[in-house]
Amino acid sequence: MTYVVTDACIRCKYMDCVEVCPVDCFYEGENMLVINPNECIDCGVCEPECPAEAILPDTESGLEKWLELNSTYSAEWPNITRKKDSPADADEHKGEEGKFDKYFSADPGAGD
Ligand code: SF4
Ligand code: SF4
């Protein structure tokens, strides 16, 4: 089991999650974060910290796509352990539907 970041994070990137993760297993893309499923210890402390409710346990059904995405991109994107400023328009995209198709970017973020 692991926790995964879903598309609710896209263009929100509030980054409250990275501050609480005890094993620093978040990785930064251009407009979302992902969790490395091999490093996550399933502690669950990040889940309630996310204002966008983007983090879910992979025991919930229908998350296979997100588990695969988290696994793939955590191997490519840089590690992030410190909260930075979120995008200026983050609140406008909170709760928006279909963000993956509209905005997903495979480009890496800056990391720490
Ligand atoms: S707190 Fe939620 S929205 Fe913010 S970066 Fe983490 S997963 Fe994404
Ligand atoms: S569940 Fe725990 S170990 Fe896994 S990403 Fe969240 S804070 Fe980190």
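This is a short guided tour of a predicted model, stop by stop, for you to follow in your viewer.

**The whole chain**

Start with everything shown as a cartoon. You should find four helices and four strands. Walking from the N terminus, the elements come in the order β-α-β-β-β-α-α-α. The radius of gyration is 12 Å, close to the 13 Å that the globule rule gives for 112 residues, so the chain is as compact as a globular protein of that length. Turn the C-alpha trace about and you will see that it spans about 30 × 30 × 25 Å along its principal axes.

Buried residues account for 35% of the 112 residues. Now think about which parts of the sequence meet: of the contacts between residues at least 6 apart in sequence, 84% join residues at least 24 apart.

**The nonpolar core**

Next, select Val5, Cys9, Cys17, Phe26, Leu33 and Val34. These have the most contacts inside the largest nonpolar core, which has 30 residues. Which elements give two or more residues to this core? Colour strand E1 (3–5), helix H1 (16–20), strand E2 (26–28), strand E3 (33–35) and helix H2 (64–74), and you have them.

Stay a moment with Val34 and show what surrounds it. Setting aside neighbours within four places in sequence, Val34 is in contact with Val5, Tyr27, Gly29, Leu69, Asn70, Tyr73, Ser74 and Trp77. Several of those names return at the next stop.

**Helix H2, from both sides**

Select H2 and look for Trp66, Leu69, Asn70, Tyr73 and Ser74, which are buried. They cover an arc of only 110° around the axis, which puts them on the same side of H2. A general point helps here: an α-helix has 3.6 residues a turn, so residues three or four places apart point the same way.

What do the buried residues of H2 pack against? Bring the strands back into view: the partners are E1, E2 and E3. Then roll the helix over. On the face turned away from the buried side are the exposed residues Glu64, Glu68 and Thr72.

**The two ligands**

Now move to ligand 1 and show its shell. There are 13 residues around it, and Cys9, Tyr14, Cys17, Cys50 and Ala52 come nearest. Sorted by class, this shell holds 11 nonpolar, no polar and two charged residues. Cys9 and Cys17 were also on the list for the core, among the residues with the most contacts inside it.

Go on to ligand 2, which is also surrounded by 13 residues. The closest are Tyr3, Cys21, Cys40, Cys43 and Cys46. Here the classes come to 11 nonpolar, one polar and one charged.

**The loop between E1 and H1**

Select Arg11 and Lys13. Arg11 lies in the loop between E1 and H1, and so does Lys13. Are they buried or exposed? Arg11 counts as buried because it has 23 C-beta neighbours inside 10 Å, and Lys13 counts as buried with 25.

Check their backbone angles too. Most residues other than glycine have a negative phi. Arg11, however, has a positive phi near 65°, and Lys13 has one of about 50°.

**What touches this loop**

Ala90 is a good next click. It lies in helix H3 (residues 90–93) and, with 17 C-beta neighbours inside 10 Å, counts as partly exposed. Not counting residues up to four places away in sequence, Ala90 touches Arg11, Cys12, Lys13 and Tyr14.

Then pick Asn31, in the loop between E2 and E3. Asn31 counts as partly exposed because it has 19 C-beta neighbours inside 10 Å. Leaving out residues up to four places away in sequence, Asn31 touches Ile10, Arg11, Lys13, Tyr103 and Ser105. Try the distance tool on the last of these: Asn31 and Ser105 are 74 residues apart in sequence and 6.6 Å apart in space, C-alpha to C-alpha.

**Last stop: Asp107**

Finish in the segment after helix H4 (99–103), where Asp107 is found. With 10 C-beta neighbours inside 10 Å, Asp107 counts as exposed. Which residues does Asp107 touch, not counting those up to four places away in sequence? Select Gly29 and Glu30 to see them. For a final distance, choose Glu76: its C-alpha atom is separated by 9.1 Å from that of Asp107, with the two residues 31 apart along the chain.

How values were computed: Residues are numbered from 1 along each chain as its sequence is written. Chains are lettered from A and ligands numbered from 1 in the order in which they are written. This is a predicted model: local features need pLDDT of at least 70, side-chain atom pairs count only at pLDDT 80 or more; totals for chains, interfaces and linings use all residues. A residue is near a molecule or strand if its C-beta atom, placed from the backbone, lies within 6 Å of it. Ala, Val, Leu, Ile, Met, Phe, Trp, Tyr, Cys and Pro count as nonpolar, Asp, Glu, Lys and Arg as charged, and the others, Gly among them, as polar. A nonpolar core is a set of buried Ala, Val, Leu, Ile, Met, Phe, Trp, Tyr and Cys residues joined through C-beta atoms within 7 Å. A residue is buried if 20 or more other C-beta atoms lie within 10 Å of its own, exposed if 12 or fewer, and partly exposed in between; C-beta atoms are placed from the backbone. Two residues are in contact if their C-beta atoms, placed from the backbone, lie within 7 Å. The radius of gyration is taken over C-alpha atoms; the globule rule is 2.2 Å times the number of residues to the power 0.38. The arc is that of the directions from the helix axis to the C-beta atoms.
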